[in-house]
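Here are a few exercises to work through with the coordinates open. Try each task before you read its solution.

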Amino acid sequence: MAHDPLEVSTSTCRSGTNSHKDHSDPSLAQTLASDVRLSFMNCTSGGQAVAGTMNITSMSPRAEYAAMLSVAIAEARKGLSEGGIPVGAAIFDRDGRLVSAGHNRRVQSGDPSIHGETDAFRKAGRQRSYRNLIMVTTLAPCWYCSGLIRQFGFRTVLVGESRNFQGGLEWLRSLGVQVVDLDSEECVTLLADYIRVHPEVWNEDIGEEE
């Protein structure tokens with residue numbers, strides 16, 4: 001990749017696929033996200049993500065983040081189309097290769113343990129080490145998924161948004177995990193719209209009483 005993922009800032013980076021607040025070309029990340037989402041959809045089979053290389057090694061860090069997040073967003077939208085909670089995740093290696101991707105399937109599979117991060121984690125198969133892998137998720141990981149990140153030593157987490165739910169972000173930061181929060185309007189709206197229509201399912205997913 002163009003930068004070492006272990007050196008990214010822990011501060012909030014408000015530069016999601018639909019949220020650009022600097023003077024760079026606002027269409028850049030959107031175009032890249034569209035291209036990457038298409039590439040990702042072309043490398044799936046039977047709903048299973050297939051590892052592959054995404055051409056992000058020459059992008060700026062901002063564009064890299066948008067490209068990676070677009071894969072997780074595609075998973076979130078897939079989950080929504082299945083009637084589930086729209087939270088998606090993807091795992092990349094430090095060279096920008098897609099290792100795996102997944103989405104929340106609590107509703108579809110009747111399994112409360114299948115969050116976006118855990119689905120992607122399972123599909124990644126056995127890894128000798130997770131220290132140089134990047135966990136990308138459309139939503140701040142809950143305590144359950146934050147524990148997974150801590151347990152297996154992920155050192156970089158790319159988050160689409162933390163406005164709807166903050167989960168264990170500050171805890172992960174306190175442990176030295178590099179957290180980049182893109183504050184993506186697309187991610188915020190996608191989940192907020194779902195929560196508004198299905199508050200009972202959302203509360204069930206995060207372990208809250210109605």
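**Exercise 1.** Which residue takes a positive phi just after α8?

Solution. The model you are looking at is a predicted one. Go to the end of α8 and step just past the helix: the residue there is G207, with a phi of about 75°.

**Exercise 2.** Find the buried residues of helix α8, and say what covers them.

Solution. Start with the span of the helix, residues 199-206. Buried here means under 20% relative accessible area. With that cut-off, V201, W202, N203 and D205 are the buried residues of α8. Next, look at what lies over them: the cover includes α3 (106-109) and α7 (185-197).

**Exercise 3.** How many cavities of 30 Å³ or more does the structure hold, and what lines the largest cavity?

Solution. Begin with the count, which is 3. The largest cavity has about 100 Å³ of space. Its lining is made of 14 residues, and V87, H115, E117, L139 and D205 are the closest to the centre. Now sort the lining by class: 9 residues are nonpolar, 3 are polar and 2 are charged. Finally, sort by element. Both α4 and α8 supply at least two lining residues, and α8 has the largest share, with 3. Note that D205 turns up twice, as a buried residue of α8 and among the lining residues closest to the cavity centre.

**Exercise 4.** Describe how α4 and α5 meet: at what angle do their axes cross, and which residues are in contact?

Solution. Take the geometry to begin with: the two axes come within 8 Å and cross at roughly 35°. Then list the partners. From α4 come E117, T118 and F121, and from α5 come Y144, C145, L148 and F152. By class, this contact has 5 nonpolar, 1 polar and 1 charged residues. E117 also appears in the previous exercise, among the residues closest to the centre of the largest cavity.

**Exercise 5.** Which residues have the most contacts inside the largest nonpolar core, and what does F154 touch?

Solution. This core has 19 residues, and I91, M135 and F154 have the most contacts inside it. Elements that give two or more residues to the core are β4 (88-92), α4 (116-123), α5 (143-152), β7 (156-159) and α6 (169-174). For F154, leave out residues up to four places away in sequence; what remains is I91, F121, Y130, L133, M135, L148, I149 and V177. Two of these, F121 and L148, you have already met in the contact of α4 with α5. Apart from this core lies another, of 16 residues, including A72, I73, F92 and I134.

How values were computed
Residues numbered from 1 in each chain as written. Predicted model: local features only at pLDDT ≥ 70, side-chain atom pairs only at ≥ 80, totals over all residues. Heavy atoms only, no water. Buried < 20%, exposed > 50% of the residue type's maximum accessible area, 1.4 Å probe, protein only. Helix = DSSP H or I, 4+ residues; strand = E, 2+ residues; numbered from the N terminus. Contact = heavy atoms within 4.5 Å. Core = buried A, V, L, I, M, F, W, Y, C linked by side-chain atoms within 4.5 Å. Axes fitted to C-alpha atoms, helices over the stretch in contact; angles between N-to-C directions. Nonpolar A, V, L, I, M, F, W, Y, C, P; charged D, E, K, R; others polar. 1 Å grid on protein atoms, 1.4 Å probe; cavity = no way out; pocket = protein on both sides within 12 Å on 5 of 7 lines; lining within 4 Å. Points joined across faces, edges and corners; volume = space filled by probe spheres on them.
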